[in-house]
Amino acid sequence: MYEVIWHGRGGQGVVIAAQILAEAAYLQGFKGVTSAPTFGPERRGAPLTASTRISDAPIRTFSQIEKADIAVVLDPSLFGVIDIVGSLKPKGWLIVNTLKKADEVDIHGCFNIAAADAAAIAIRFHLLKEGAPMVNTPMLGVLSRATGLVSRESLEKGLKWKLSGGASATNIAALRAAYEEASIRNHA
Amino acid sequence: MSNVQIITGNSAAAYGAKLAKVQVVSAYPITPSTSVTETIANWVERGELKAEYVRVESEHSVMTVCISASTVGARVFTSTSSHGLLYMHEQLHWAAGSRLPIVMCCINRGVGAPWSIFNDQQDSISQRDTGWIQIYCRDNQEILDSVIQAYRIAEEVYCPIMVCYDGFVLSHTMMPVDIPDADQVCQFLPPYKPHTILCPEDPRNINPVIFPWQRRDAEGVLRDGYMDMRWKLQHALEESRDVIVRTSRDYAELFGREHGGLLWSYRTDDAEVLIAGMGSIATEATTAADLLREQGIRAGVVGVRVYRPFPRAEVREAFRKAPAIVVFEKNISYGYEGALCADIKAALYGTGIDAPVHNFIAGLGGRDVKAGELADAVRSSLTAITAGKREQQTWLNCVTE
């Protein structure tokens, strides 16, 4: 079973990203997928997480993820707020929306890093909500490129499943761009 | 053709009600149940579900609407949680006493004070003695299937049914759910035939004051007294066990999914310890059983799906060969023990089954329950049992000093 934690802020589309990943994984053939928000109230701008579990067999655990295989960070300012690295398994993947390339990211440990400027990509493809760039779908592209867990094609199918025609086309374009532009640093 | 969607438990419940072609829905929003009837309200508004959606000012009125609508022959649905359910309490008795086949989802949530919006099963357990059948679901597929099954059971035995599932843990977690074909559901679920038709052409006085003794009515027919009617309700719940099992089997034949009728089991055949639970904690326990088996402890799980009527015979059969029993539950009967543990012990009385029974109170007010913690708890129980401790109540992950 693969466990993914999504770190972001209320309004960034964290919960939707966790859902699309689960749906894409199911379309790819994984029999067990779950996605869940942090249980409880949600506030715009407040740090929050969502999770995706992916498995070959139906999932029989609903508890909170302790250590994730993959941590996706939609807002890099969260590194100063919550212990993201502490919730990551050794040799896991840290996937960050940042201006920096993966080699320049100043976080070190026994994990792999993938990075992309998802905000810039979102702006380029007009993925905006109330003026703010929606970085969640580009980050799905980075996740796919880095981990190979769910293919780009499956994610595109997932987006088509979830979104209406026009919205899915721009989201897919942004996902592809992020897939291409992702930079990667493997753990030592 | 299967139609699998990745949906929340609340969506699954809403689909169940839609496929059952409910005719009247009334609800008052309360976390975490809200999105069930929100979804249904949307369908009604868009004309996708031909139902009357009745907005009211409280859960007490919700249940009175359900009672009234069911009395005049409508198939009705509602959902609620926690204080909403408790606010209905008086009307829950009234619904069961009137023998109305109302189906309600209880999205399990803790009860104040202090306030909690998070999951445990204190709300529905505290309504145990209202005369409602209670089904506890272990995943989202079972929620959808159970709502559909509930209408067939309720309308056959004329008892209301509470379909219970854990708030947030299931209500807000998305997972694959196969949504049955609407025509097939019609085939499974015949239209509702009310036991009494109330209409302006044939006015009746329903549920007037009733005397302790039997009494002849205006036509000279000898009518039940209060106690005779209470016995009939008790008898109906006792007899509903067969209907529940048969409905579960018929559903499996048509849709290929058998959720176990009254009770289900997992890896129990050679088990040296049996874990018991209801709802999502029992699902988590199956993962714990796998972990324990990897560690060399042969563990199995018995999931109680129907809590009322209590599956006395099935519990006896399931635990017949159990060397040790560990019950995990998200409720407490204050001043005694977990309600499920007490009922399991009572069912074993006089059968010669002499296994030690340990009780863990877990996950109250949404405290996370991990499979690994359940496995550790079972191991600690087995150590205590080896040391001679036959009974034990432990509050899992709780400060008790």
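This tour visits three places in a predicted model.

**First stop: two helices of chain A**

Select residues 14-28 of chain A, which form helix H1, and then residues 152-162 of chain A, which form helix H4. The axes of these two helices are 8 Å apart, and the helices pack at an angle of about 115°. The crossing of H1(A) and H4(A) is right-handed.

Display the side chains next. On H1(A), the residues to show are A:Ile20, A:Glu23, A:Ala24, A:Leu27 and A:Gln28. They meet residues of H4(A), including A:Leu155, A:Leu159 and A:Trp161. Colouring this contact by class gives 6 nonpolar, 3 polar and 3 charged residues.

**Second stop: where chain A meets chain B**

Now display both chains. Chain A brings 17 residues to the contact, and chain B brings 20 residues. On the side of chain A, select H1 and strand S2 (32-37), the elements that each give two or more residues. S2(A) provides the largest share, with 5 residues. By class, this side of chain A has 8 nonpolar, 7 polar and 2 charged residues.

**Third stop: the two domains of chain B**

Select residues 4-188 of chain B for domain 1 and residues 264-395 of chain B for domain 2, as the domain assignment gives them. Their centres, taken over C-alpha atoms, are separated by 28 Å. In the contact, 24 residues of domain 1 of chain B face 19 residues of domain 2 of chain B.

Which elements of domain 1 of chain B give two or more residues to the side that touches domain 2 of chain B? They are helix H6 (122-125), strand S6 (133-136) and strand S7 (161-166) of chain B. The largest share, 4 residues, belongs to S6(B).

Technical notes
Residues are numbered from 1 along each chain as its sequence is written. Chains are lettered from A and ligands numbered from 1 in the order in which they are written. This is a predicted model: local features need pLDDT of at least 70, side-chain atom pairs count only at pLDDT 80 or more; totals for chains, interfaces and linings use all residues. Axes are lines fitted to C-alpha atoms, for helices over the stretch in contact, and angles run from 0 to 180 degrees between N-to-C directions. A crossing is left-handed if the near helix is turned anticlockwise from the far one by less than a right angle, and right-handed if clockwise. Two residues are in contact if their C-beta atoms, placed from the backbone, lie within 7 Å. Ala, Val, Leu, Ile, Met, Phe, Trp, Tyr, Cys and Pro count as nonpolar, Asp, Glu, Lys and Arg as charged, and the others, Gly among them, as polar. Domain bounds come from an automatic or database domain assignment.
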